[in-house]
Amino acid sequence: MALEEEEYFESGHRACAGCGLALGARLAMKATGEDAIATCSTGCLEVVSSPYPESSWEIPWIHSLFENSAALGSGIEAGLKAQGNDHTKVVAQGGDGGTVDIGIRSLSGMLERNHDVTYVCYDNEAYMNTGIQRSGSTPYDASTTTSPPGTESYGNENRKKDALEIAAAHGISYVASASIAFPSDLVDKVKKANEINGATYVQIHTPCPTGWGYEGKETIEIARLAVETGLWVLYGKKDGEIQNINKLNDRKPVEEYLKKQKRFKHLFKKEDGSKELEKIQNIADRNAEKFSLDK
Amino acid sequence: MVNFAGIAEPGSTKNYKTGTWRTYRPVVDFDKCIGCAKCWEYCPEGCIIELEVDGKEVYETDLDYCKGCGICSEECPVGAIEMELEEED
Ligand SMILES: Cc1ncc(C[n+]2csc(CCOP(=O)(O)OP(=O)(O)O)c2C)c(N)n1
Ligand code: SF4
Ligand code: SF4
Ligand code: SF4
Ligand SMILES: [Mg+2]
């Protein structure tokens, strides 16, 4: 086993079978270890891991409100500092809605004040816990209950918000994107973020069978395809320098990723859907150019 | 002392056996298994365990928690895991 054997996010949690977010938390906690305190905003991760009076967490874990996981993490870090504790790590966690939309203000404050906290965003690209509403992290054209395709619509009209760039623009020393399909890379990045003294931000792409419309067994394959098509780019940014980009030998067409998910199925059925597929291919192509993805 | 609501035993969801959710059961062919631990890495339940069978390191599912998602079977590089329909006793 290359990864830490110990589990800090335990079995018995109530996530759907094949949940990407549950695997993301399990891996992130392997990187964090036992001398840590975690916060968690309202959302699937919180609900599935804390059915009263049980907890899936082996470390002290606190449910914040939906919007203030980063503020809670900031306060815990300040408290530890005041106690002279320089070893216990603080990990603030949130879903994409809790991070890039409603919690962005408290996150921005945490990053601005450069608290020694690792923020982990579990990105399943919508508000899943309340029934699949679109968030700022929902990709272009995805169908959600609040961005349904129809005669006048191809689904979500907006681009996926680039929260990694927003976090990096605060001048913090490390941001990284990760994927559950690449566990060692994910664990390395969270470890690195934890080791840095100061605020860090890691966003993990965590496919959701229930919200994206595919069978639970395909979760890893879909996460991998997001990377292999260039729609989710794996990189780290240390002190402003982009590093360890996962370069692609043979970048796959975006259709290979999209066609496996019901949230994009209208693109393959609707008239003019191919024009939309072209637009999504352009997003991947622009990513490839920006990060020199192609080998 | 302030009494906080909801202080729970660490890791206590283990008291709840999610294995009852399962429709398909992963069955590992130990002859085929090469002990690579990919199934263990990718299991969202963290319910795959290492064991030794005839002096060989292999992996198997803890059926108390396995929800039968099938990820391990999909990701096993040598096709050692079959998903078999659970039958009522
Ligand atoms: C202030 C506030 N508004 C709305 C809600 C209802 N709510 C609970 S979880 C949730 C969605 C969570 O979405 P996300 O952060 O993406 O996490 P996910 O469930 O997708 O993992 C919402 C809208 C709330 N708890 N508090
Ligand atoms: S709805 Fe999605 S993110 Fe939430 S528990 Fe189910 S699979 Fe996981
Ligand atoms: S079927 Fe899913 S839950 Fe069961 S052992 Fe395999 S990966 Fe884990
Ligand atoms: S993935 Fe397959 S070969 Fe690897 S340990 Fe699991 S069962 Fe064995
Ligand atoms: Mg979400």
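Colleague: Which ligand takes the space that is the largest cavity?

Modeller: Ligand 3 does: the space it takes is the largest cavity. Keep in mind that this model is predicted.

Colleague: How many residues surround ligand 3, and which are the closest?

Modeller: A shell of 13 residues surrounds ligand 3. The closest are B:Cys43, B:Cys66, B:Cys69, B:Gly70 and B:Cys72.

Colleague: How does that shell divide by class?

Modeller: Take cysteine as nonpolar and glycine as polar here. The shell around ligand 3 then has eight nonpolar, three polar and two charged residues.

Colleague: Which ligand takes the second largest cavity?

Modeller: That space is taken by ligand 4. Its shell holds 13 residues, and the closest are B:Cys33, B:Cys36, B:Ala37, B:Cys39 and B:Cys76. By class, eleven are nonpolar, one is polar and one is charged.

Colleague: On to ligand 1. Which residues are closest to it?

Modeller: A:Cys44, A:Gly97, A:Gly98, A:Ala126 and A:Met128 are the closest, in a shell of 17 residues. Seven of the shell residues are nonpolar, eight polar and two charged.

Colleague: Which element gives the largest share of the shell around ligand 1?

Modeller: Helix H4 of chain A, residues 96-101, gives the largest share, with three residues.

Colleague: Which backbone atoms should I look at around ligand 1?

Modeller: For a polar contact, look for N or O atoms within 3.5 Å of each other. A backbone N or O atom of A:Cys44 is 2.8 Å from an oxygen atom of ligand 1. A:Gly97 also places a backbone N or O atom 2.8 Å from an oxygen atom of ligand 1. For A:Asn129, a polar backbone atom is 3.0 Å from an oxygen atom of the ligand. Ligand 1 on its own has 590 Å² of accessible area, and the protein covers 74% of it.

Colleague: Now the metal. What angles are ideal at a metal?

Modeller: Four tetrahedral donors ideally give 109.5 degrees, and six octahedral ones 90 or 180 degrees.

Colleague: Which residues coordinate the magnesium ion (ligand 5)?

Modeller: A:Asp96 (OD), A:Asn124 (OD1) and A:Ala126 (O) coordinate the magnesium ion, at 2.0 to 2.1 Å. Count with care: water is not among the atoms, so the site may look incomplete.

Colleague: What spacing do the donors follow along the chain?

Modeller: The spacing is D-x27-N-x1-A. A:Asp96 and A:Ala126 link distant parts of the chain, 30 residues apart. A:Asp96 is in helix H4 of chain A, and A:Ala126 is in the loop between strand S4 (118-123) and helix H6 (163-168) of chain A.

Technical notes: Residues are numbered from 1 along each chain as its sequence is written. Chains are lettered from A and ligands numbered from 1 in the order in which they are written. This is a predicted model: local features need pLDDT of at least 70, side-chain atom pairs count only at pLDDT 80 or more; totals for chains, interfaces and linings use all residues. Side-chain values use heavy atoms; hydrogens and water are left out. A residue is near a molecule or strand if one of its heavy atoms lies within 4 Å of it. On a 1 Å grid over the protein atoms alone, a cavity is a set of points where a 1.4 Å probe fits but cannot get out, and a pocket is an open set with protein on both sides within 12 Å along at least five of seven lines; lining residues have an atom within 4 Å of a point. A molecule sits in a cavity or pocket if more than half of its atoms lie within 2 Å of its grid points. A polar contact is a pair of N or O atoms within 3.5 Å; within protein, one must be able to donate a hydrogen and the other to accept it, and residues adjacent in sequence count only if both atoms are side-chain atoms. Accessible areas come from the Shrake-Rupley method with a 1.4 Å probe; for residues, only the protein chains shown count as cover. Helices (H or I, at least four residues) and strands (E, at least two) are DSSP runs, numbered from the N terminus. Donors are N, O and S atoms within 2.8 Å of the metal (3.2 Å for Na, K and Ca); water is not among the atoms, so sites may look incomplete.
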